[in-house]
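Here are some short exercises to work through with the model open beside you. Try each task before reading its solution.

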Amino acid sequence: MQYGEECINFIIEIHTKIWTENQYEIANIYGLELLAQEKSTIFANKLVDLTSKKIPSGRDMYDIYFYFFHEFPINQILVQERTGKNLREYLVYFLDFLDKKVSPETLLVGSEELLDTKKMLFIEEKLLDELVIQVQSKI
C-alpha cells in the first residue's frame, strides 16, 4: 500500500483461515512476482477485521478511510461470507461499532511509527468524522 509517491510500504501477513471469496492477483514487487490479495479483498478484510478487535487502531481506521476516499472497490461477497450481512447491513453495523468502540485515545494506537506528523494530526483531529462521512455515503 502506498500513501504517497515517495513511499513504498507493504505488509506480509500469513493467515491460517482462508476465505473462499478472497480474490488474488499477481503482484510484481521489486521484480518478484507474488500472489497478493486484490484491492477489493484487502478492503473487505480490513473492514471486517476492524470490528473484531477489542481496541481498534487508528492505523487500521486510516487505511479504511484511505480506501473509501480513493474509491477502492469492496468485495461484497466476501463481506457476506465473513459476517452473514450484506454490505449495507455491515456498514450500518460498522458505524455503530465506531460510535461505541472508538475514542480519541484509541485513534493513535498503532500509528505513531508509521505516519508522518501531518497524517498523525489528521488522525487525531479529523479521522473519525471523515470516516463516518465516507461510510454513510456508501449506505
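**Exercise 1. Decide whether Leu35 is buried or exposed, and find the surface feature that includes Leu35.**

Solution. Bear in mind throughout that this is a predicted model. Start with the relative accessibility of Leu35, which is 63%. The cut-off for exposed is over 50%, so Leu35 counts as exposed. Next, place the residue: Leu35 belongs to strand β2, residues 32-37. Finally, look at its partners: together with Ile18, Tyr24 and Ile26, Leu35 makes up a nonpolar surface patch with about 420 Å² of accessible area.

**Exercise 2. Describe the overall make-up of the protein: which elements does the protein have, and in what pattern along the sequence?**

Solution. Count the elements to begin with: the protein has two strands and seven helices. Then read along the sequence, which gives β-β-α-α-α-α-α-α-α. Turn to burial next: 37% of the 139 residues count as buried. For the surface, the protein exposes about 8,900 Å², with carbon and sulfur atoms supplying 53% of that area. As for contacts with a separation of 6 or more, 63% are between residues 24 or more positions apart.

**Exercise 3. Find out how many aromatic pairs the whole structure holds, then examine examples within helices.**

Solution. The search of the whole structure gives eleven aromatic pairs. One of them joins Tyr62 and Tyr65, with 6.3 Å centre to centre and 50° between the planes, a tilted arrangement. Where do Tyr62 and Tyr65 lie? Both are in helix α2 (residues 58-69), and because they are three residues apart there, about one helical turn separates them. Check burial too: Tyr62 has a relative accessible area of 8% and is therefore buried, and Tyr65, at 11% relative accessibility, also counts as buried.

Now take the rings of Tyr90 and Phe94: their centres are 6.3 Å apart and their planes stand at 45°, so this pair is tilted. Tyr90 and Phe94 sit four residues apart in helix α4 (residues 87-101), about one turn of the helix. Both Tyr90 and Phe94 are buried.

**Exercise 4. Identify which residues ring pairs link into a cluster, and find lysines placed over rings.**

Solution. Follow the ring pairs from residue to residue: they link Phe43, Phe66, Tyr67, Phe68 and Phe72 into a cluster. Over the ring of Phe72 you will find the charged end of Lys39, 4.7 Å from the ring centre. A further case is Lys85, which lies over the face of Tyr93 at 5.0 Å from the ring centre.

**Exercise 5. Determine where Pro56 lies and what Pro56 is in contact with.**

Solution. Locate Pro56 in the loop between α1 (39-50) and α2. Its relative accessible area is 0%, so Pro56 is buried. Set aside neighbours within four places in sequence, and the contacts of Pro56 are Leu50, Met61, Phe97, Lys101, Val102 and Thr106. For Val102, compare sequence with space: Pro56 and Val102 are 46 residues apart in sequence, yet 7.0 Å apart C-alpha to C-alpha.

**Exercise 6. Work out which residues Gln134 touches, not counting residues up to four places away in sequence.**

Solution. Gln134 is found in helix α7, residues 127-138. With 15% relative accessibility, Gln134 counts as buried. Its contacts, with those sequence neighbours left out, are Tyr65, Phe68 and Phe69. Here you meet Tyr65 again, from the tilted pair with Tyr62, and Phe68, from the cluster of linked rings.

How values were computed
Residues are numbered from 1 along each chain as its sequence is written. This is a predicted model: local features need pLDDT of at least 70, side-chain atom pairs count only at pLDDT 80 or more; totals for chains, interfaces and linings use all residues. Side-chain values use heavy atoms; hydrogens and water are left out. Patches are made of residues with over 30% relative accessible area and no salt bridge: like charges are joined within 9 Å, nonpolar side chains (Val, Leu, Ile, Met, Phe, Trp, Tyr) within 5 Å. Accessible areas come from the Shrake-Rupley method with a 1.4 Å probe; for residues, only the protein chains shown count as cover. A salt bridge is a side-chain nitrogen of Lys or Arg within 4 Å of a carboxyl oxygen of Asp or Glu. Buried means under 20% relative accessible area, exposed over 50%, partly exposed in between (1.4 Å probe, protein chains only). Contact means heavy atoms within 4.5 Å. Rings of Phe, Tyr and Trp (its six-membered ring) pair if their centres lie within 6.5 Å; planes under 30 degrees apart count as stacked, over 60 as edge-to-face and the rest as tilted. A charge sits over a ring if NZ of Lys or CZ of Arg is within 6 Å of the ring centre and within 35 degrees of the ring normal.
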